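Colleague: I would like to go through the terms used for this structure and hear what each one rests on.

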Amino acid sequence: MLASLAVASSLLAACGGSSDSASQSITLYNGQHEQTTDSLVAGFEKATGIQVNVRNDDEDTLADEIVTEGSHSPADVIYTENTPAVQFLQDKHLLADVDPSTLAHTPSQYNSQQGQWVGVSARVSVLIYNPALIARSALPTSVLQLSDPKYKGLLAFAAGETDFQPIVTSVAHTYGDPAALTWLEGIKANAGTHVYPDNETIADLVNRGAVAFGVVNQYYWYRMGAELGASNLKAQITYFAPHDPGYVIDISPAAILKSSDHQAAAQKFLAYITSKQGQEIIAHSISFEYPIASGVTTSQTETPFDQLQPNPITIAQLGDGATAISLLKKAGLL
Amino acid sequence: MTTTWASGDGRAVAVDVAPTRPRTQPRLLIAVSGVVVVVLLAPLVFLLIEAHGVGLDTVVHLIWRPLTATLLWNTVRLTVVVTILCAVIGTSAAWCVERTDLPGRRIWAVLVVVPFAIPDFVVSFGWASLSTWVQGFRGAVVVMTLAVYPLVYLPVAASLRGADPGQEEIARSLGLGPWKTFVRVTLGQARSAILGGCVLVALVLLAEYGAFEILGYQTFTTEIFTEFQVSFDVPTACALSLVLVVLSVVILSGDLVARGRGQVARTGAFAQRMSHRHPLGRARVPVLAGFVALVGLALGVPIGASVYWMFEGGSHALTGVSIVDAGWHTALYSATAAALATVMALPVALLAVRHPDRKSKIFERSTYLVLAMPGLVIALALSYFSERYVDGLGYQRAPLLIVAYSILFFPLALVGVRASVAYAPVSLDEVARSLGHRRLAVFGRVTLPLVGPGLAASFCLVFLAAVTELTATLILVPTGVQTLSTQFWAYQQNLSYGQAAPFALVIIAIAAVPSYVLARYFDRLPTRATAST
């Protein structure tokens, strides 16, 4: 019954959209990297004729703005780097249901269980290190070892970066909150002044030898290589041991605002970016994210997605990141 | 020869010399000023509403946590160190330019001011992109000192130029050595200007975001931004902002206390004459080397780094708005905001100078509270009021951003407007009125032309600041629009230095014009009118 209602409503929405799509425009709140979004938007505009106004900002800022804006939010679609921001909006009942046909593009474990956001692409956490400062064999194989005092002064991480929260959540999920807190205090002591605002800074400083190693997502290293050229790429990356709690897949999701007046066009955007066509753009993009929908695989020279051996934590268990934030606050990192 | 006692910053002078006769209360002026003050204090009201919303216990709990101690330590130690460095560099540079036979004085007078036009985040980008040595506390000290010392230089140079050189001569003739004369007499004359400059430096440090974000240095302001970004947590951001406001109020009131005590006697308020310039003698070469180093570090490094990255930057991976488009929007928003802020400052300045009483003093002082609030808070407050009370009117539209700029930089506008209003003799207005002109006509035909240059200076100051604004712009900029600073920021954040660099250079180029105009303006202005900036 519910399913048929959903199909019916999406059909209605689709009909409504077809009449006016030519002159339509939608507003996209983009918390995803502009490298990824811009090429997707260009492809979508070309394919549908629907214009997309993009507002770029940090994903949590955008989520906050949507909450503040309430029923007259200018946003139609939100597209973020990580799931907690959309999970947060879903919990606040601000999201509309995604077309089941769009959800079907992506393996169900990478979608919202409530069907209100769809997974678009994925990244994976890695260690980035400078071989001149630390040997690969000396690096930790488990995220827990990051708090080992022997890494004092060598480690960098970005406590305020949204990519770091899923790792904290994963550690807390595996070892419990008290152990996670002790661990955070340990890595805080190890990092000292090397607590940076974002992963780009970590990648850059490790590459330039200002700090030995750090925790980032894989694509920062690939992007840095593309920007600087292979000869200037001093840093290397390596993975944690298979299924380690620090070995986390992050999903970049997209969702439609319940308050949107352009539901049909918004649904089309989600359908497009998860379609074969949209995923091929991600697959060839210099954003180095993994396509995860419509059976497309990355064309870049990175470890294939299906060969990764991440921790089995689910999206639902990653939640809205509230536990991670509260632990980070207790550790004095936020 | 009349002897006039003036407060060190010269505020009282213009009022004292023109005998004020009892006048009727300027009701219109008071009403308009009142409205301006209410608008300016709206962000503070927003903070209090948010704090009240979550309750005092929660606010205390939010403030009383491990991170606050770190932030307090980071913020305070940086503020103290940089303020002292700026005071030393700014004062000695000003003394060398104004009181010695330094070769090329006129050129140095401009070159040492121009770094003020380079946004702090560009200075920071320049240094951090060239060397990993410039990071954290060390980096923040280097970058911020080089970026903001002109805030001390400008008022001190102006005050030294106007101060009576006779005092130094008398001190010397009474047998005081050159060093003691400098410490006791010269520094005494410039004391209020130095303090005023230091207060501005400290306030800028409290509110800085971009530079510290690049340098990986955590202060209250960067953390407020992080809280806002990471944890959907407006109340926490607001609680931290309240701490910031308290810190700023401490600085502002410290200034008031210090200023209230110092009284500098001046003989012949209008008898300005060239002071005898101290010959540098053998110190000439090291002093010149010092100036070359200062300008090289403050101006050469950021510009040099930008030029370097423009040619050496990697593949141009990102798309963004064109530099022309960003430049146009930046100029449009900044110029409109500069005009608005100047207009808003006029009634408050007129009231403060022409009708000095308790009410006008409170009005004037309360506007300085704006200095205590970072751009982020002002942007959040305006979004909040727009959403809550006018159904989202103006939200993410240009007018709201322009209002945000006008609030944010109102104190800068007030500085210039106040100085020129103080300089325009009220007696001319009175003559015009006695000739039968109505008050508004007098304002248009006498007051405005007299204060014109000062208004232009205010316009330039606000324009300059708005061109380089980042945090409020990030939140309020219309969807699909980028300003020079937001586009620079987007590229810089993605390590696309090659693409960021041209934007940095255009910002510098645009900001250099008004800063040159300003340097010339303050160069010519008699000191008694420059209310300690």
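The exchange below takes up chain A, chain B and a few single residues in turn.

Colleague: What kind of model is this?

Modeller: The model is predicted.

Colleague: What makes chain A as compact as a globular protein of that length?

Modeller: The globule rule gives 20 Å for 334 residues, and the radius of gyration of chain A is 20 Å, so the term applies. Along the principal axes, the C-alpha trace of chain A spans about 65 × 45 × 30 Å. Chain A has 13 helices and nine strands, and 60% of its 334 residues count as buried. Among its contacts between residues at least 6 apart in sequence, 77% join residues at least 24 apart.

Colleague: Which parts is chain A divided into, and how far apart are their centres?

Modeller: Domain 1 of chain A takes in 2-120 + 250-302, and domain 2 takes in 123-248 + 319-330. Their centres, taken over C-alpha atoms, are separated by 29 Å. Between them, 16 residues of domain 1 of chain A are in contact with 15 residues of domain 2 of chain A. On the domain 1 side, α3 (59-69) and α4 (83-91) of chain A are the elements that give two or more residues. The largest share, four residues, comes from α4(A). By class, that side of domain 1 of chain A divides into five nonpolar, four polar and seven charged residues.

Colleague: What is the corresponding division in chain B?

Modeller: Domain 1 of chain B is 47-274 + 282-312, and domain 2 of chain B is 317-533. Their C-alpha centres lie 20 Å apart. Here 46 residues of domain 1 of chain B are in contact with 37 residues of domain 2 of chain B. The elements giving two or more residues to the domain 1 side include α10 (178-207), α13 (234-261) and α14 (284-312) of chain B. That side has 33 nonpolar, twelve polar and one charged residues.

Colleague: How many residues of chain B are in contact with chain A, and which elements of chain B give two or more of them?

Modeller: There are 36 residues of chain B in contact with 43 residues of chain A. The elements that give two or more residues on the chain B side are α4 (66-99), α12 (220-230), α17 (375-389) and α23 (484-493) of chain B. With five residues, α12(B) gives the most. The chain B side divides into twelve nonpolar, 19 polar and five charged residues.

Colleague: How do you know that the span of helix α2 of chain B agrees with its number of residues?

Modeller: Helix α2 (residues 27-54) of chain B has 28 residues, which at 1.5 Å a residue should span 40 Å; the end C-alpha atoms are 39 Å apart, so the two agree. The helix does bend, by about 40° at B:Ala42, and B:Pro43 follows within four residues. B:Pro43 is also one of the buried residues of α2(B), among them B:Val36, B:Leu40, B:Phe46 and B:Glu50. After α2(B) comes B:Gly55, with a positive phi near 90°.

Colleague: Why is A:His243 called exposed?

Modeller: A residue is exposed if 12 or fewer other C-beta atoms lie within 10 Å of its own. A:His243 has 12 within 10 Å, so the residue counts as exposed. A:His243 lies in the loop between β7 (236-238) and β8 (249-256) of chain A, and has a positive phi of about 70° although it is not a glycine.

Colleague: What makes that phi worth listing?

Modeller: Most residues other than glycine have a negative phi. A:Phe288 is also not a glycine and has a positive phi, of about 60°.

Colleague: Is A:Phe288 buried or exposed?

Modeller: The cut-off for buried is 20 or more C-beta atoms within 10 Å. A:Phe288 has 25 such neighbours and therefore counts as buried. A:Phe288 is in the loop between α11 (276-284) and β9 (290-291) of chain A.

Colleague: Why does B:Ser360 count as buried?

Modeller: B:Ser360 has 21 C-beta neighbours inside 10 Å, and 20 are enough, so B:Ser360 is buried. B:Ser360 belongs to helix α16 (residues 358-367) of chain B. Leaving aside neighbours within four places in sequence, B:Ser360 is in contact with B:Leu351, B:Ala352 and B:His355.

Colleague: How far is B:Ser360 from B:Gly34 in sequence and in space?

Modeller: The two are 326 residues apart in sequence and 9.6 Å apart in space, C-alpha to C-alpha.

Methods:
Residues are numbered from 1 along each chain as its sequence is written. Chains are lettered from A and ligands numbered from 1 in the order in which they are written. This is a predicted model: local features need pLDDT of at least 70, side-chain atom pairs count only at pLDDT 80 or more; totals for chains, interfaces and linings use all residues. The expected span of a helix is 1.5 Å times one less than its number of residues. The bend at a residue is the angle between axes fitted to the seven residues ending there and the seven starting there. The radius of gyration is taken over C-alpha atoms; the globule rule is 2.2 Å times the number of residues to the power 0.38. Two residues are in contact if their C-beta atoms, placed from the backbone, lie within 7 Å. Ala, Val, Leu, Ile, Met, Phe, Trp, Tyr, Cys and Pro count as nonpolar, Asp, Glu, Lys and Arg as charged, and the others, Gly among them, as polar. Domain bounds come from an automatic or database domain assignment.
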